[in-house]
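Reader: I've just opened this one and I'm new to it. Could you walk me through it, one question at a time?

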Amino acid sequence: MRAPILAANWKMNHGPTEARAFVAAFLASYTARTDRTVVLFPPALSLSTVRDALGSRADITLGVQNIHSEAKGAFTGENSAAMAADAGARIALVGHSERRHVFGEPDDATAAKCALALRHGLTPMLCVGEKLEQREGGETDAVVLRQLRAGLAKLAPADAPNVLIAYEPVWAIGTGKTATPVDAAAVHQVIRRELAARLGAKQAAAVPILYGGSVTRDNARALLDAENVDGLLVGGASLDPSSWSAIAST
Ligand code: PGA
């Protein structure tokens, strides 16, 4: 049994002042549990505020929404893996569909980011997922496998098991359309098989695969119950402390 991971991706919401208020309200309603991992991905500017507001709540893990593909240097406006770790992040989202499709991030950048994250003590959470036309064209598995293979391409064999994967179909993100538990389980199985081919069945079984895309407090349980769904990556429904508390307690 993999303990579920419930992760909140705030995207470009909740600057330091709102983030502090969110944490206070969330901690008031969410009691620490040892049977799950709760992760918050605030915007980079709010990371250290959230870390300080969490105080001694070591049950909640912090992550960064993006890192740059180079370790340091003249990249105005960017955040490095080392800086994110210094600000309190332990996980780095890599290849979120908004990075891929809004900012044009290519597969080789996701590979560099996964490797850099690990080098700086961050666990990469590699996001993969197909667009609507790719799903309708029967290309879902091929797209997901291409993104998965590319994202893991620069990892040393010993590092490959130390990743998290999030399957987020692009057509389900922020649209109110959720993959059914059956659809999610089918793609998660494709991902698990690919991991098993690379890592062996035992190590592959230990890699958490999260689902994301229009998760709410109403559909969270059914998605988490689906085979090979080891957690949820939640955008819109994670912005309100009581909604997030309900999902984190699912
Ligand atoms: P959503 O976003 O829950 O608002 O669909 C999920 C995500 O993009 O991680």
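Reader: Which residues come nearest to the ligand?
Author: Keep in mind that this is a predicted model. There are 13 residues around the ligand. The ones that come nearest are Lys-11, His-96, Glu-168, Gly-174 and Ser-214.

Reader: How do the residues of that shell divide into nonpolar, polar and charged?
Author: Glycine goes with the polar group in this count. Sorted that way, the shell around the ligand has 4 nonpolar residues, 7 polar ones and 2 charged ones.

Reader: How far is the backbone N or O atom of Ser-214 from an oxygen atom of the ligand?
Author: A pair of N or O atoms makes a polar contact within 3.5 Å. Asn-9 has a polar side-chain atom 3.4 Å from a ligand oxygen, and a polar backbone atom of Gly-235 sits 2.8 Å from a ligand oxygen. For the backbone atom of Ser-214, the distance to a ligand oxygen is 2.7 Å.

Reader: And what share of the ligand's accessible area does the protein cover?
Author: Taken on its own, the ligand has 290 Å² of accessible area. The protein covers 95% of that.

Reader: Zooming out, how many helices and strands does the protein chain have?
Author: Helices and strands here are DSSP runs, with at least four residues for a helix and at least two for a strand. Counted like that, the protein chain has 11 helices and 8 strands.

Reader: Why is the chain called as compact as a globular protein of that length?
Author: For 250 residues, the globule rule gives 18 Å. The chain is as compact as a globular protein of that length because its radius of gyration is close to that value, at 17 Å.

Reader: What percentage of the residues in the chain is buried?
Author: A residue is buried when its relative accessible area is under 20%. Of the 250 residues in the protein chain, the buried ones make up 55%.

Reader: I spotted Arg-217. Where does it lie, and is it buried, partly exposed or exposed?
Author: Arg-217 is in the loop between strand S7 (209-212) and helix H10 (220-225). Partly exposed runs between the 20% and 50% cut-offs. Arg-217 has 46% relative accessibility, so it counts as partly exposed.

Reader: Which residues does Arg-217 touch, leaving out those up to four places away in sequence?
Author: Touching here means heavy atoms within 4.5 Å. With residues up to four places away left out, the partners of Arg-217 are Ser-242, Ser-243, Ala-246 and Ile-247.

How values were computed
Residues numbered from 1 in each chain as written. Predicted model: local features only at pLDDT ≥ 70, side-chain atom pairs only at ≥ 80, totals over all residues. Heavy atoms only, no water. Near = heavy atom within 4 Å. Polar contact = N/O pair within 3.5 Å; in protein donor to acceptor, adjacent residues only side chain to side chain. Areas by Shrake-Rupley, 256 points an atom, 1.4 Å probe, with all protein chains shown as cover. Rg over C-alpha atoms; globule rule 2.2 N^0.38 Å. Buried < 20%, exposed > 50% of the residue type's maximum accessible area, 1.4 Å probe, protein only.
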